[in-house]
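Biologist: I would like a close look at a single part of this protein, with its pairing and its surroundings described carefully. Please take one strand and then set it against other parts of the chain.

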Amino acid sequence: MMREVVIDPITRLEGHGKIVIKLDENGNVQKALLQVPELRGFEKFLVGRTVEDAPQITSRICGVCPWAHHMASVKALDDLFKVEPPLAAKLIREFAYNVFMLEDHALHFYVLGGPDFIVGPTAPKEERNLLGIIKKLGADLVKSVIVTRKKLRYLEQLIGGKITHPVLGLPGGVAKPLSDEDWRICFETSKEGVEFAKFAYKALKDIVLSNDQYVELMKSDAYTHRTYYMGLVDSNNHVNFYDGKIRVVDPEGKEFAKFDAREYLDHIAEQVEPWTYVKFTYLKRVGWKGFVDGKESGIYSVAPLARLNASDGMATPMANELYKEFYQAMGGKPVHGTLAFHWARVIEMVYAAERMMELIENPEIRSKEVRNLPKEKPDVGIGVVEAPRGTLIHHYETDERGIIKKANLIVATQNNSARMVLSVDKAARSLIKGGKIDDGILNMVEMAFRAYDPCHACATHSLPGSMPLIVRVYDNNDNLIKEIRRG
């Protein structure tokens, strides 16, 4: 008799979701699905609004990713009004964005993903949380992490006006220049940020990479998928969070595509499935072949590991050395192990901190010329940034008064959603045998999605019309006996 195991809610992520695992009569996994049952509708909310409101509205999509949406939206407005921000404005934007990336990655390393590898994948569930981290690392160390994150978030407030809903970006620039006192605080905190990132990398090496059992897990087939990878790169094909071209490499690491954000519709398409509110993105030239990996499948991945795989290196010296060390230890490029996202994330923390120092030490960042006023009529604008969770694209179309007629968001977690379904299914099939299931095994199934640091609050999309609810009723032999549809 078929049996169903449901993990609801899944934990230590942004947003909501559940995992449904179907077992056959022998207790082995037939299928496992990651479902996102929540529904948002920001692409619809935006229609009819003045486009200048978009950076404020879209930053409300999520309380964890507001800076990513704010920055992608502001860059879309630059494009829409055909206005180039002054250099100082670009430097301030990128500086603030790297502050956000550093503190956001730290949140996942220490709080969301950390309990799995710092406390242990199969540790008692009452210890797989921040209290377990405190027990393992000590209260003083955890306190120092919290204090540094607090200082980084203060910088976001100082520059952006607010921590969670910044009001920094305007089409053609930013709302205010840095004062001398602002600059001094940013400079001092950037120095602390570099030490903070170096400490995180040391913790990763001492606690995680020195653990043979975890390294073996990271390289295991249960957590491996050979997919395409996508990330934003600069003119040297180095990782950049704020600007550049979108680069895609194939499962063998060879460049497959490289394009401007304005060309994204030539390369990215979306697949809708009836059992989730997340749309699945795929590479248009390869096509949607269902939930399978390999070169013939258009499924691709984004976020830290994908960014490293899609690049030729990091643009800052220390991070680039760690990049080389990573690939040497993992046997070369590309790395396909999902759990290696955690390692890549800490390398990006070092890059973000080093980049903060580079930007704040640039004398141009202190210029008072921080905005060029838009003079062109708006029409179409597309902006891209690398969110902590991957490539994020905002696309607006307006009338000549700047009223939004159409909005399309390709949200970071969407780009990983198909691969996350693969990951959950493969982990469940590999770990659950003969009906043996315990809390540790179920947590290891959750680890398969958690490594991506998903934000389902951002990724879920509205479909046209009313909420398309479907209720299916099955008998005890899993035969469909009734279906009720709405919408």
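**Strand 7 and its surroundings**

Modeller: In this predicted model, strand 7 and strand 8 form a hairpin with 5 residues between them, and within that turn Gly-253 has a positive phi of about 90°. Strand 7 covers residues 245-249, and 4 of its 5 residues are buried, so that by the cut-off of under 20% relative accessible area the strand is mostly covered. Its pairing with strand 8, which takes in residues 255-259, is antiparallel and rests on 4 bridges; within this pair, Val-248 stands opposite Ala-257 of strand 8. Strand 7 is also joined to strand 6, residues 228-233, by 5 bridges, and these two strands run antiparallel as well. Here Leu-232 has Ile-246 of strand 7 as its bridge partner. As a general point, side chains in a regular strand alternate between the two faces of the sheet.

From the strands one can turn to the nonpolar cores. The largest has 141 residues, and those with the most contacts inside it are Ile-21, Phe-95, Phe-326 and Tyr-396. A second, separate core has 18 residues, among them Tyr-228, Val-286, Ile-382 and Ile-410. In soluble globular proteins, nonpolar side chains tend to be buried together. With neighbours within four places in sequence left aside, Ile-21 is in contact with Arg-3, Glu-4 and Val-5, with Val-29, Lys-31 and Ala-32, and also with Ala-428, Ile-432, Leu-442 and Val-445.

Helix 14, residues 412-431, offers a helical element to set beside the strand, and 16 of its 20 residues are buried, which leaves this helix mostly covered. Its end C-alpha atoms are 28 Å apart, in agreement with the 28 Å that its 20 residues should span at 1.5 Å a residue. Helix 14 nevertheless bends by about 40° at Ala-418.

A polar side chain completes the view: His-70 is found in helix 3, residues 66-81, and this histidine counts as buried because its relative accessibility is 0%. A polar atom of the His-70 side chain lies 3.4 Å from the backbone oxygen of Pro-55. Not counting residues up to four places away in sequence, His-70 touches Pro-55, Gln-56 and Ser-59, together with Pro-166, Val-167, Leu-168 and Gly-169.

Technical notes:
Residues numbered from 1 in each chain as written. Predicted model: local features only at pLDDT ≥ 70, side-chain atom pairs only at ≥ 80, totals over all residues. Heavy atoms only, no water. Core = buried A, V, L, I, M, F, W, Y, C linked by side-chain atoms within 4.5 Å. Buried < 20%, exposed > 50% of the residue type's maximum accessible area, 1.4 Å probe, protein only. Contact = heavy atoms within 4.5 Å. Pairing = 2+ DSSP bridges. Polar contact = N/O pair within 3.5 Å; in protein donor to acceptor, adjacent residues only side chain to side chain. Expected span 1.5 Å × (residues − 1). Bend = angle between axes of the 7 residues up to and from the residue.
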